Amino acid sequence: MYFLALKMLFNDKAKFFGIVMGVTLASLVITQQGSIFVGLMARTFGVITDMNYPDIWVMDPKVQFIDDTKPLTDTKLFEVRGVPGVASAVPLYKGMIRARMDNGLFQNCNLYGIDDSTLIGGPGEMVEGNLADLRMADSVIVDVEGATDKLARKGKNPGDPKIPLKIGDTLELNDHRAVVVGISRGSRTFQSQPNVFTTYSRAVTFAPKERKLLSFVLVKAEPGENLETLRARITERTGLAAYTADQFKMLTVNYFLKYTGIPINFGIAVSLGFIIGTLITGFMFYSFTIDNLKYLGTLKAMGTGDTMLMMMILLQALSVGCIGFGIGAGAATLFGMMMSGTQLAFWITWQILVLSGGAVVIICMLAAMLSVRKVVALEPAVVFKG
Amino acid sequence: MTTAIATQQGIGADPAGRKLAVRCRNVVKNYGSGQSVVRALRGIDLDVYEGELLMLVGPSGCGKTTLISVIAGVLDRDQGECTVFGEDFSAMNSRQRTRFRGKTIGFVFQSFNLIPTLTIAENVSVPLLLNGVDRRTALKKAKEILSIVGLGERTNDAPNRLSGGQQQRVAIARALVHDPRLIVCDEPTSALDHETGHKIVELLKGVAMSGNRSLVVVTHDNRIFDFADRIAHMDDGQVDKIVGSAKELYGPNMQSANGGGGMS
């Protein structure tokens, strides 16, 4: 009977495609919008992801997210180094700086000042040049997106393509000369501004004058040290906040979830996808059942029990659910692949697929429930009414 | 009235000694309630014997379809008794009733009720599948019986590719495939022309009756009355006559009695 139930569904091509379209739409919108949301959220902590060295990030207790730097005095670095269980601790400067373009305009950049001696905290991947070249005078490393777009030089003639920054080019950062010694690649950040890396000591000379300039202390724990214990110890001894990378990522994400309209906007898009998908699927599936009511009544008269009919309807609903989900999630994945390398934030995770699949199951169950109610209430005697 | 019919027409005792297939006593069925109540069956007494083709005739709205629905167990009666091969539907729960119906009764409907998205072989296999036969065996048996009704070459066709007569043949095959003991037919010829309708009833009589089955046929079509072993005439929710032939029912000039081609 289950096979026949599927044939009844698949052979009614117009209804079948209509129902699948509804599920596909819901699955596509939920997966695609969910992935863009996750991609955006992941960008908020891109810097933390790229700096895989530290076990613990130490910062001012008032810091709410990665870009919310509240500078510390340099002596805090030594206090952290003195905490038992800390194998090493290096400084990190993170701030905004203005780069003067050759056309006279200014471009804001993220400036990272990494430990002079160890160069810990540098970019994730070097595209050109070497990280060690940062030890050269006035040297900086620029990320590839910045070098090819926002910091690129204008063409010779109007309308000519931009000329990307290359090794040896110079920049003017806050009235200081800087020489490009490398091009790097890292995770995109939420702000989409060029990332410029240099040494800590040079960064604090580039940066606008402030009394305190140390943004973070990056800590490596001694082997075998319990990170939670060490975190607590650092906070107790220094009065600073200390987070593991994952905790700092969550702190950052939670800030954006709580204080920006991003979740609401994406939540509305996902909800609309769910509601529209439910309406289309529910209407089409109900319509399919109504069209077949005479035959379902016939089956009922001929000895098909309510349970069997319910199972047949559920099977039909879940089948279109699986097909629609597959197409929708596949299309969303394809979309993500096509958009890779563009500005679009897109990160499809198994959790999104589970969420999207769960939503599709709910849609199918709702659609099936409407039909099941109709079929259960159906009097088999209806078949004798012509 | 009921007692008189029972006495005159032999309800409860078959002169030929055949066993009872269906036994209805004082069956009452009402639709609605209060002032809008419709008394569809007003104390029906009726017996159908094994190996018998009984036709239920009468004007529209007289309760034929309601009675056949009660007999087939697809509609609950309000009062009275009705047993099919000694089993009372009202004594069964929903699952038992469904199972009994699926095993014991075959259905032929006025508008065939073939599922358009399935092949005719698949349509015919449905009663077997409901009785637990595996799909391959069910399809094999369905094709065999389709050959018997003359559609052995069309088993993979969709119902809408067949003529009305052919579709009704498929419906008959579906009603017979699981070897039920009782077949109920609701206006089996009303959607067919005279010649096709005649052939269909001929087929029903020939194939369906071969296994000592009982047939209850609801019809308006007096052209097929000659196939009946007995004819029960209903009016206003009651069986008012049970006769052995159309001539007994309408007299020698049946055409004029019916006002032409059929009763209404």
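The following conversation walks through a predicted model of two chains, A and B.

Visitor: How many helices and strands are there in chain B?
Guide: Of the 264 residues in chain B, 48% are buried. Among its contacts between residues at least 6 apart in sequence, 70% join residues at least 24 apart. The count of elements for chain B is 9 helices and 10 strands.

Visitor: Which strands stand at the edges of the open sheet of 4 strands in chain B?
Guide: This sheet has antiparallel pairing, and its order is β2-β1-β4-β5 of chain B. A strand at the edge has a single partner strand, so one side of it is left without a neighbour in the sheet, and in chain B this applies to β2 (38-49) and β5 (87-88).

Visitor: What is the bridge partner of B:V22 in β2(B)?
Guide: Strand β1 of chain B, residues 20-31, runs antiparallel to β2(B), and 9 bridges join the two. Within β2(B), the residue that partners B:V22 is B:V48.

Visitor: What angle does the direction of helix α2 of chain B make with that of β1(B)?
Guide: Helix α2 of chain B, residues 64-71, packs on the sheet and touches β1, β2 and β4 (79-84) of that chain. One residue of this stretch, B:I71, is in contact with B:V22, B:C24, B:C82, B:V84, B:V184 and B:V216, when neighbours within four places in sequence are left aside. Between the direction of α2(B) and that of β1(B), the angle is about 125°.

Visitor: Which residue stands opposite B:L54 in β8(B)?
Guide: The open sheet of 6 strands in chain B has mixed pairing and the order β6-β7-β8-β3-β9-β10, with β6 (105-108) and β10 as the edge strands, each pairing on one side only. Within this sheet order β3 follows β8, and strand β3 (residues 53-57) runs parallel to β8 (residues 214-218), the two being joined by 4 bridges. In β8(B), the residue opposite B:L54 is B:V216.

Visitor: At about what angle to β6(B) does helix α6 of chain B run?
Guide: Helix α6 of chain B, residues 164-176, lies across β6 and β7 (182-186) of chain B. In the sheet that holds these two strands, the twist from one strand to the next averages 20°. The angle at which α6(B) runs to β6(B) is about 170°.

Visitor: Which helix of chain A gives the most to the largest nonpolar core?
Guide: That core has 125 residues, and those with the most contacts inside it are B:L56, B:I71, B:I172, B:V184 and B:V216. Apart from it lies another core, of 57 residues, including A:M59, A:I114, A:V142 and A:F197. The element that gives the most to the 125-residue core, with 12 residues, is helix α2 (residues 13-44) of chain A.

Visitor: Which element gives the most to the side of chain B that touches chain A?
Guide: In this interface 26 residues of chain B are in contact with 21 residues of chain A, and by class the side belonging to chain B has 11 nonpolar, 8 polar and 7 charged residues. The elements giving two or more residues to that side are α2, α3 (94-104) and α4 (120-130) of chain B. With 6 residues, the one that gives the most is α3(B).

Visitor: Which residue of β8(A) is the bridge partner of A:I141?
Guide: Strand β5 of chain A, residues 139-143, has 5 of its 5 residues buried, with A:S139, A:I141 and A:D143 on one side and A:V140 and A:V142 on the other. It pairs in the parallel sense with β7 (residues 176-185) of chain A over 5 bridges, where A:V140 has A:V180 as its partner. β5(A) is also joined by 2 bridges to β8 (residues 195-199) of chain A, which runs antiparallel to it, and there the partner of A:I141 is A:F197.

Visitor: Is B:D236 buried or partly exposed?
Guide: Most residues other than glycine have a negative phi. B:D236, however, has a positive phi of about 50°, and its place is in the loop between β9 (230-235) and β10 (238-243) of chain B. A residue needs 20 or more other C-beta atoms within 10 Å to be buried; because B:D236 has 13 such neighbours, it counts as partly exposed.

Notes:
Residues numbered from 1 in each chain as written. Chains lettered and ligands numbered in written order. Predicted model: local features only at pLDDT ≥ 70, side-chain atom pairs only at ≥ 80, totals over all residues. Pairing = 2+ DSSP bridges. Contact = placed C-beta atoms within 7 Å. Axes fitted to C-alpha atoms, helices over the stretch in contact; angles between N-to-C directions. Nonpolar A, V, L, I, M, F, W, Y, C, P; charged D, E, K, R; others polar. Buried ≥ 20, exposed ≤ 12 C-beta atoms within 10 Å, placed from the backbone. Core = buried A, V, L, I, M, F, W, Y, C linked by C-beta atoms within 7 Å.
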